[in-house]
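Me: Please take a close look at a single residue in the structure shown here, and then set that residue against the chain as a whole. I would like one connected account that is careful about confidence.

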Amino acid sequence: MDPHKICYVALADPSQMQSEHWTLPTCAGVAGVLLLLFSPTRLDFSRAHPSRAPDTINYRMVRHPESGATLPRIRLPERPAAQQKVNEILDSTAAELKCSDDRPNERENVEKEDLYYKVRAEVTHASGRIFSVAIRINGYCGGPNPWYDFDPLTFDLRSGERLRLSELFVDFEEKQTEIFKLFVSEIRSARQNQLDESGADPSEDPCLQHEIVLERPWEKHSFDFVFVEDGLKVETDLASPRCELGAVIAYERLRKFAPAESALQSAIRGE
């Protein structure tokens, strides 16, 4: 097989073929793409925007046909099983990003045009090992108030599995107090800088005084994370949206917590 061959994927609209091809080192993995194209929720690559940079993987932003949410789908021909796992999770996540129909009583006195569900997704890290997506949602689906959520996804592309916070670190249960102290200290420092720049008084800031405090009993579910270029971006996940703050923890500061050959170690090494 010619190692520089261009493999075309058959799209629903044949007129889009030449403008929507992938240039690959080999044609391996095309079957995995076709499987995704003809899944119950078809990925319409003809509407997506490709992204490619040195040492990164290919991905496209794809609008889900039912929810309307736009999330990425990856192209990883050298590891088709991992590609399929990642894209299935991204597709099922996109399908759920809409107002559900299971609580109709909350909408009895709400005009349909007042309902909304806005999703903003950004790929923050796309190396050969790690794929991170920051997903921010705000909406109103009935009930007393609109709401906001940060629901990021990070994958280890060797396996295609989603990475959880506890899986990033060695001996997490023993070291979580130290890890969370680092998170909170960095988040407090970032908040302090933000207040200094705005001229606000930190002593009157409810987040610094009551919410983002070291004495709080922090748990795994208290933090969300994504990988970014300079470090691990960590945000608090609290009942008070105004205090859901974040900071980027430099990778070097996390080195002692990272298991050998882990995704975090790969990021520390710049892989």
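**Arg191 in its setting**

Reply: In this predicted model, Arg191 is part of helix H3, which runs over residues 172-198. Arg191 has a relative accessibility of 15%, and because the cut-off for a buried residue is under 20%, Arg191 counts as buried. Leaving aside residues up to four places away in sequence, Arg191 touches Asp205, Cys207, Leu208 and Leu245.

Around this residue, the protein chain has 271 residues, of which 45% are buried, and its secondary structure consists of five helices, H3 being one of the helices, together with 13 strands. Of the contacts in the chain with a separation of 6 or more, 50% join residues that are 24 or more positions apart. The exposed surface of the chain comes to about 14700 Å², with carbon and sulfur atoms supplying 48% of that area.

As for confidence, the chain has a mean pLDDT of 81, and 77% of its residues reach 70 or more. Confidence is highest in strand E9, residues 153-156, at a mean of 98, whereas the lowest value belongs to strand E1, residues 6-7, at a mean of 30. Over residues 1-54 the pLDDT stays under 50, although the model has 87 contacts beyond four places in sequence for that stretch. Where pLDDT is low, the predicted coordinates should not be read in detail.

Definitions and conventions: Residues numbered from 1 in each chain as written. Predicted model: local features only at pLDDT ≥ 70, side-chain atom pairs only at ≥ 80, totals over all residues. Heavy atoms only, no water. Helix = DSSP H or I, 4+ residues; strand = E, 2+ residues; numbered from the N terminus. Buried < 20%, exposed > 50% of the residue type's maximum accessible area, 1.4 Å probe, protein only. Contact = heavy atoms within 4.5 Å. pLDDT = per-residue confidence, 0-100. Areas by Shrake-Rupley, 256 points an atom, 1.4 Å probe, with all protein chains shown as cover.
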